Amino acid sequence: MTENLNDNLYYELTELVLKMLSDNSSDVEAQRIRQILSDNPEAMDCYSDIILVYVGLSSSDGHIKYDSDEIPTSAELLREKIVSMEPEPELELPKVKSRPLPVRKPISISGILRFSGAIAAMIAVVILLTLAEDYSNAPKNYKALGNIASIVDTVDARWSNPEMQNINYPFNIKCGNYELQEGYAVIEFNNGTELVLEAPICLEILSNKEVNLELGRLVAKMDPGKKGFVVNTPGGKMIDLGTEFGVEVTNNKTSDLYVFDGKVSIAPKQNNISNAPAAIINAGYARRVRPDIDGIDEIQFNSARFVQKADYEVIQLASQGSSYHRWLEYQRKLRQDKDLLAYYAFLDDPSTDRLVNTAVATAGKLDGDLVHRDGKDGYLGTVVLPNDVRIPSWTAGRWDEKQALHFEHDKQQYVKVDWPADIKVGDNITFAAWIKQDSRNCFGHIISKRNYGPPQKMDFQWAVFVKDMVSYQTAMEFGFNNNDNIDNLFITEDIKVAEPLKWYHVALTYDINDGKAKMYVDGKLYGYLDYPYSQSNHSIASDVMYIGTDFFPDGDTDALQGCIDELVIMNRVLEPSEIKEMFLAGQPDDN
């Protein structure tokens, strides 16, 4: 039965061939290779491409050809087959600027190997690798290769290349070295492959199927049905198998691979020599290779680390003045902060009744359930109440494109967040949120993590109250566990954050080094008070955090009346400039 060469079959063939080239294939797997190649004519070309990419040749039209009865199905047979090949097809090597290559005239694979006729067949592939390495290190006559790609768009780009200052897009480019010092850029190759670059990045384009990434981040995406794009790094080689993936090379030459869609082959190399077998990485996973260690390490997958095409479009719209897209790009970067304990961006699906924590450091934890107080024991929120009692309701946020949660004080609505014991609250803290009241009423508690004993214990709580409805005098309440006592701090200033139907950005920081709690409104510091304490454990009072209430057991709570849109809890004191940046990034147009 003839098999169609679909993606699954292509992936299977790739894995089998890579195992064969590493001398790790079994007799059953060798027979499976023979079956695939015998049943499907297209598979033969794919088989040849895999081998050519593996040994480092970059010719787009060179194929190794076999009769169906002599298909090599082991590394040894493959080497013997390469040695005995006729000199067709020929691979023309481009001329070089300075020193000549060992072979000047057009050569074929068999010609290369016959040049070392005294060497046994077992090292034929090594000869190919050595010659390919010599060629890749030689100065290249890039102009002879012509335009192979275009820079189709940029945002705030600054290139180090002198010829690329003040250019118009699309801008045709050849093989060569490119350094993007600032901004973002999109490159489209003639074969449809697309790269999104994020500065700073140093990139060498070798062909329309291969690049060297020396430093920085890129995202590569192939056209549907196409495969084989190669990204070389100081630590390894990544080969696209029909997919979208990101690669990052750091200053210490560590190379990280993140697979967003499809599959990617990754092969480590130590001192420019690959000693470990390649591995196939599936979507949703990430791996790391380093030039000083011959192996592949698993790392946490984080799609927000890279600028994919959709993210680039957000950056583009932000550069054109869209305040919503400006905030979207800011929150993409914010949620990667290693000190971020919890981040609720309120981009959730309203049908799920869930508030999702998008902080990368605590991903999969600290998600919240929308509930209401049950009127009995006050903790489960599971008893069915009359129809006029509802969970917090989704409503319009600061922009039409996003949501906020509306809390009704009298109905004791809140969000319940289970807090695992392994997530520790530090001594230095920042709380920040966007809040709005819908009438001239009190705001109430934004967050609370405490119990009411006996004895009472509190990890932290934070609230904003309107103390004077005439002057709009506002108090910000803050509490930390202080020697097992419940001590609340009230910062009272004559500032107007009580105007109805207006979004305010509020923030509070506590620094144990100077013992001061500081209150910010709309990016400005409005007040601070001394708040010394000696208790350093803020994860003992409760395994639940509440959003929208302090959850006092007798029902007399300071629950919130109003809306919340975005909530930040961070294990670090943000600087005043960072608080201002957060406010400016999230400020809606009509505020």
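## Close-up views of a predicted model

**Figure 1. Helix H8 and its surroundings.** Helix H8 runs over residues 323–334, and its 12 residues reach 16 Å from the first C-alpha to the last, close to the 16 Å expected at 1.5 Å a residue. Please keep in mind throughout that this is a predicted model. H8 is mostly covered, with 10 of its 12 residues buried. If you would like to find them in the view, they are Ser323, Tyr324, His325, Trp327, Leu328, Glu329, Tyr330, Gln331, Arg332 and Leu334. What do these buried residues pack against? Their partners are two helices, H7 (309–319) and H9 (576–586), along with strands E5 (176–189), E16 (340–344) and E31 (562–570). Trp327, one of the buried residues of H8, also has a charged companion: Arg398 lies over the face of its ring, at 5.4 Å from the ring centre.

**Figure 2. Helix H2 and its buried face.** Helix H2 covers residues 27–39, and its 13 residues should span 18 Å at 1.5 Å a residue; the end C-alpha atoms are 18 Å apart, in agreement with that figure. The buried residues here are Glu29, Ala30, Arg32, Ile33, Ile36 and Leu37. Looking down the axis of H2, you will find that these buried residues fall within an arc of 155°, so they line one face of the helix. A helix makes a turn every 3.6 residues, so residues three or four places apart point the same way. Turned away from the buried side is the face that carries the exposed residues Asp27 and Val28.

**Figure 3. An aromatic cluster around Phe260 and Phe301.** The model holds 14 aromatic pairs. One of them joins Phe260 and Phe301 in an edge-to-face arrangement, with 6.1 Å from centre to centre and 65° between the planes. Phe260 belongs to strand E11 (residues 255–261), while Phe301 sits in the loop between strand E15 (293–299) and H7, so this pair ties together parts that are 41 residues apart in sequence. How accessible is Phe260? Phe260 has a relative accessible area of 15% and is buried, whereas Phe301, at 28% relative accessibility, counts as partly exposed. The two rings are also members of one aromatic cluster, made up of Tyr258, Phe260, Phe301 and Phe306.

**Figure 4. A lysine over a tyrosine ring.** This view centres on Lys502 and Tyr504. The charged end of Lys502 sits over the ring of Tyr504, 5.5 Å from its centre.

**Figure 5. Two cis peptide bonds before proline.** The peptide bond from Tyr169 to Pro170 is cis, with omega near 5°. Pro170 is placed in the loop between strand E3 (149–159) and strand E4 (171–173). Ala199 and Pro200 are likewise joined by a cis peptide bond, with omega about -5°. Where does Pro200 lie? Its place is in strand E6 (residues 194–207).

**Figure 6. Two non-glycine residues with positive phi.** Phe346 is not a glycine, yet its phi is positive, at about 60°. You can find Phe346 in the loop between E16 and strand E17 (354–355). Is Phe346 buried or exposed? With 1% relative accessibility, Phe346 counts as buried. Gln412 also has a positive phi, near 55°, in a residue other than glycine. Gln412 lies in the loop between strand E20 (403–407) and strand E21 (413–418), and at 14% relative accessibility Gln412 counts as buried.

**Figure 7. The nonpolar cores.** The largest nonpolar core has 39 residues, and those touching the most other members are Tyr344, Ile446, Ile447 and Ile547. Which residues does Tyr344 contact, leaving aside its neighbours within four places in sequence? The contacts of Tyr344 are Leu355, Val356, Asn357, Leu366, Val417, Met545, Ile547, Glu566 and Leu567. There is also a second, separate core of 36 residues, with Ile148, Ile173, Leu180 and Ile201 among them.

**Figure 8. The whole protein, for orientation.** Stepping back from the close-ups, the secondary structure comes to 9 helices and 31 strands. Of the 591 residues in the protein, 51% are buried. Among contacts with a separation of 6 or more, 59% come from residues 24 or more positions apart.

Conventions
Residues are numbered from 1 along each chain as its sequence is written. This is a predicted model: local features need pLDDT of at least 70, side-chain atom pairs count only at pLDDT 80 or more; totals for chains, interfaces and linings use all residues. Side-chain values use heavy atoms; hydrogens and water are left out. Helices (H or I, at least four residues) and strands (E, at least two) are DSSP runs, numbered from the N terminus. The expected span of a helix is 1.5 Å times one less than its number of residues. Buried means under 20% relative accessible area, exposed over 50%, partly exposed in between (1.4 Å probe, protein chains only). Contact means heavy atoms within 4.5 Å. Rings of Phe, Tyr and Trp (its six-membered ring) pair if their centres lie within 6.5 Å; planes under 30 degrees apart count as stacked, over 60 as edge-to-face and the rest as tilted. A charge sits over a ring if NZ of Lys or CZ of Arg is within 6 Å of the ring centre and within 35 degrees of the ring normal. The arc is that of the directions from the helix axis to the C-beta atoms. A nonpolar core is a set of buried Ala, Val, Leu, Ile, Met, Phe, Trp, Tyr and Cys residues joined through side-chain atoms within 4.5 Å.
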